[in-house]
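Trainee: I should be grateful for a close look at a single part of this structure.

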There are 2 protein chains.
Amino acid sequence: MSSRGRPVATSHAEIERVAFRLFAERGFDDVTMADIAAGVGVGRRTLFRYFESKNDIPWGQFDRTLDGFRAILAEMPRELPLHVAVHRAVQRFNEFPPDARPSHRERMRLILETPALQAHSVLRYAAWRAVIAEHVAASLGRSPDDLLPRTVGNVSLALALSAYEGWLADPDADLAVLLDDAMSGLRDYVAGPRA
Amino acid sequence: MSSRGRPVATSHAEIERVAFRLFAERGFDDVTMADIAAGVGVGRRTLFRYFESKNDIPWGQFDRTLDGFRAILAEMPRELPLHVAVHRAVQRFNEFPPDARPSHRERMRLILETPALQAHSVLRYAAWRAVIAEHVAASLGRSPDDLLPRTVGNVSLALALSAYEGWLADPDADLAVLLDDAMSGLRDYVAGPRA
DNA sequence: ATCTTTGTGGCGCTGGGTGCCATTAGTGTG
DNA sequence: CACACTAATGGCACCCAGCGCCACAAAGAT
């Protein structure tokens, strides 16, 4: 495990720290990549080797967390109805230890309230939806490209985003409860007036 | 209604025609605004007065069609269960006369398969979702900011996108049928194994 | 003919993002 | 110690979207 070549001069984590500080101070749009590079003490060109784009900075290591999401889904008891399994997996995926809450909240506020990031995020969501679609497809013995798995992926994202919006609006709200509310609201809605 | 000042030199429609032709020939990303301007025979600067951004060109006059969507929702019979009313309204909103099909298909393919446009589109979808949220809120005597109206908006979009993806994948598919399938799939899904 | 109005479009600039390439700072080998 | 080797760095030039500014063009009104 010997390390050859020039040693790294920075890290994703440090770039994120500097970037989030600047975003908080001046707003996402008013911070340039040059600003962040200067803050980190690194070249602008180097920044683009750590993050594909400015929009990718707030998402950090998201892609790697998807492996955890896959694992959570795989661990769900087989007896559970599929929609319950997916629902609980989404809840667990979005659980954070209390000390990680403030930064997670800050990150999600940035992502969900900055238009440029709202837009960019759909590309990240696609990978998240695919994880669900694959799980649903495997559970049902179908293809992830079939309508139902894709629909469940899309709807799960819809529920999660609805819950997150409510979570950001109310500092005291519990995301798991909001997810429950969104899901039960949806069940009542599609079941019709008196079900 | 006398028209004063210099007469217009182009139109949204002509820009769209030229742009779609170029997009089809070389792909969205490989067409520059300068290319489109040259094709229309107009200055690049002028293009940005007709469309806020390159990403807005494929969407055309979408915002104006939302008034039609509002009207469709308002006309739905009161006796219908809410989810049926919304579902049918979404179907009607996405009905196009046969001769408009090819161009609509091309437009949706561009929007749904070009990453830059997938991303940009969420900003348009927000307005669409808001129309549904407002209708649901009004029907239920709640605020459009409440969880349920927002959730229904998000879920309706999820269903529509699922259906559209299937529609693009299969040239012979009927969008209204795909919307039905997506909705009934969702109902079965949230109802559990034996409902 | 002149004034007013309104669309046009050139110019210059900012900022994200990329390809290219020289440089740097380490490790390993003689 | 000197030499290669390797990998990260970052400067530079460039492309393109988008915007502010402003001069200009083309019409109707007086």
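Which helices are included in what covers the buried residues of H6(B)?

Mentor: The model is predicted, so local features need pLDDT of at least 70 and side-chain atom pairs pLDDT 80 or more, whereas totals for chains, interfaces and linings use all residues. Residues are numbered from 1 along each chain as its sequence is written, chains are lettered from A and ligands numbered from 1 in the order written, and side-chain values use heavy atoms, without hydrogens or water.

The cover includes helix H1 (12–26), helix H7 (115–140) and helix H8 (147–169) of chain B; contact means heavy atoms within 4.5 Å. Helices (H or I, at least four residues) are DSSP runs numbered from the N terminus. The residues so covered are B:His104, B:Arg105, B:Arg107, B:Met108, B:Leu110, B:Ile111 and B:Leu112, where buried means under 20% relative accessible area (1.4 Å probe, protein chains only). H6(B) itself comprises 13 residues, 101–113, and its end C-alpha atoms are 18 Å apart, which agrees with the 18 Å expected at 1.5 Å a residue; the expected span is 1.5 Å times one less than the number of residues.

For comparison, consider another pair of helices. Helix H3 (44–50) of chain A and helix H3 (44–50) of chain B each supply at least two residues of the surface near DNA strand D, near meaning that a heavy atom of the residue lies within 4 Å. Among the 28 residues around that strand, A:Ala9, A:Val42, A:Arg49, B:Arg45 and B:Lys54 come nearest. Sugar and phosphate make up 58% of the strand's atoms within 4 Å of the protein.

Note on methods:
Buried < 20%, exposed > 50% of the residue type's maximum accessible area, 1.4 Å probe, protein only.
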